[in-house]
Amino acid sequence: MTEMDAERLRQVSQHAFGQRYRLELMLAIAETDDGIVCLTDLAKTLDVTISNLQSPLRALVSTGLVSPLPRGDSRRKFYIRNPSAAWAWAQELSEHGRRDNPASAPGPVDMGTAGDDVVSPGHDNS
């Protein structure tokens with residue numbers, strides 16, 4: 001993935017979730033064969049710091065999209081992807097982000113003329 005693609009995904013993620021890395025994280029988890037991941041490997045795969053992924057991962061755990069696995073004798077903490085339509089939705093959301101050019105996305109609504117036809121008390125707009 002190019003840096004431009006990654007930035008586009010992060011913008012879509014920020015708008016959809018309020019977190020820049022959640023969509024990338026979801027896509028990386030969705031792409032695993034067995035659904036088992038650890039934060040260290042995800043950070044390496046996505047070429048971001050672990051701290052960038054900690055909050056989005058906590059959000060995925062709190063929504064039930066992933067569950068922590070028992071630690072066992074490993075120092076690393078592993079998580080497993082839970083079945084959900086959210087994984088397919090994340091893929092769909094990323095495809096929309098690739099198709100849509102952020103430069104052509106609608107900006108803030110211009111309110112300069114929105115109230116032109118409203119009559120203020122004591123004023124005649126005719």
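This passage describes the salt bridges, a helix pair, a loop residue and a sheet in a predicted model. Because the model is predicted, local features were considered at pLDDT of at least 70 and side-chain atom pairs only at pLDDT 80 or more, whereas totals for chains, interfaces and linings use all residues. Residues are numbered from 1 along each chain as its sequence is written, and side-chain values rest on heavy atoms, with hydrogens and water left out.

Four salt bridges were found in the structure, a salt bridge being a side-chain nitrogen of Lys or Arg within 4 Å of a carboxyl oxygen of Asp or Glu. Glu3, Arg10 and Glu24 are joined in a network of such bridges. In this network Arg10 is bridged to Glu3, with the closest N and O atoms 3.5 Å apart, and Arg10 is also bridged to Glu24, where the closest N and O atoms are 2.6 Å apart. The pair of Arg10 and Glu24 links distant parts of the chain, since Arg10 belongs to helix H1 (residues 3-17) and Glu24, 14 residues away, to helix H2 (residues 22-30). Helices (H or I, at least four residues) and strands (E, at least two) are DSSP runs numbered from the N terminus. The members of the network differ in their surroundings: Arg10 is buried at 7% relative accessibility and Glu24 is buried at a relative accessible area of 3%, whereas Glu3 is exposed at 56%. Here buried means under 20% relative accessible area, exposed over 50%, and partly exposed in between, for a 1.4 Å probe and protein chains only.

A further salt bridge is formed by Asp41 and Arg76, whose closest N and O atoms are 2.4 Å apart. Asp41 lies in helix H3 (residues 39-46) and Arg76 in the loop between strand E2 (66-68) and strand E3 (78-81), so this pair ties together parts that are 35 residues apart in sequence. Both residues are partly exposed, Asp41 with a relative accessible area of 32% and Arg76 with one of 33%.

The two helices linked by Arg10 and Glu24 also pack against each other, at an angle of about 110 degrees and with their axes 7 Å apart. H1 is therefore roughly perpendicular to H2, a description that covers angles of 65 to 115 degrees, while those under 35 degrees count as roughly parallel, those over 145 as roughly antiparallel and the rest as oblique. The axes are lines fitted to C-alpha atoms, for helices over the stretch in contact, and angles run from 0 to 180 degrees between N-to-C directions. In the contact, defined by heavy atoms within 4.5 Å, H1 residues including Leu9, Arg10 and Phe17 meet H2 residues including Leu23, Glu24 and Leu27.

Asp47, located in the loop between H3 and helix H4 (50-62), has a positive phi of about 60 degrees although it is not a glycine. Asp47 is exposed, its relative accessible area being 70%.

The strands form an open sheet of three, in the order E1-E3-E2 and with antiparallel pairing, where two strands pair if DSSP finds at least two bridges between them. Strand E1 (36-38) and E2 are the edge strands, each pairing on one side only, and the twist from one strand to the next averages 35 degrees. E1 and E3 are paired in the antiparallel sense over three bridges, and Ile36 stands opposite Ile80 in E3.
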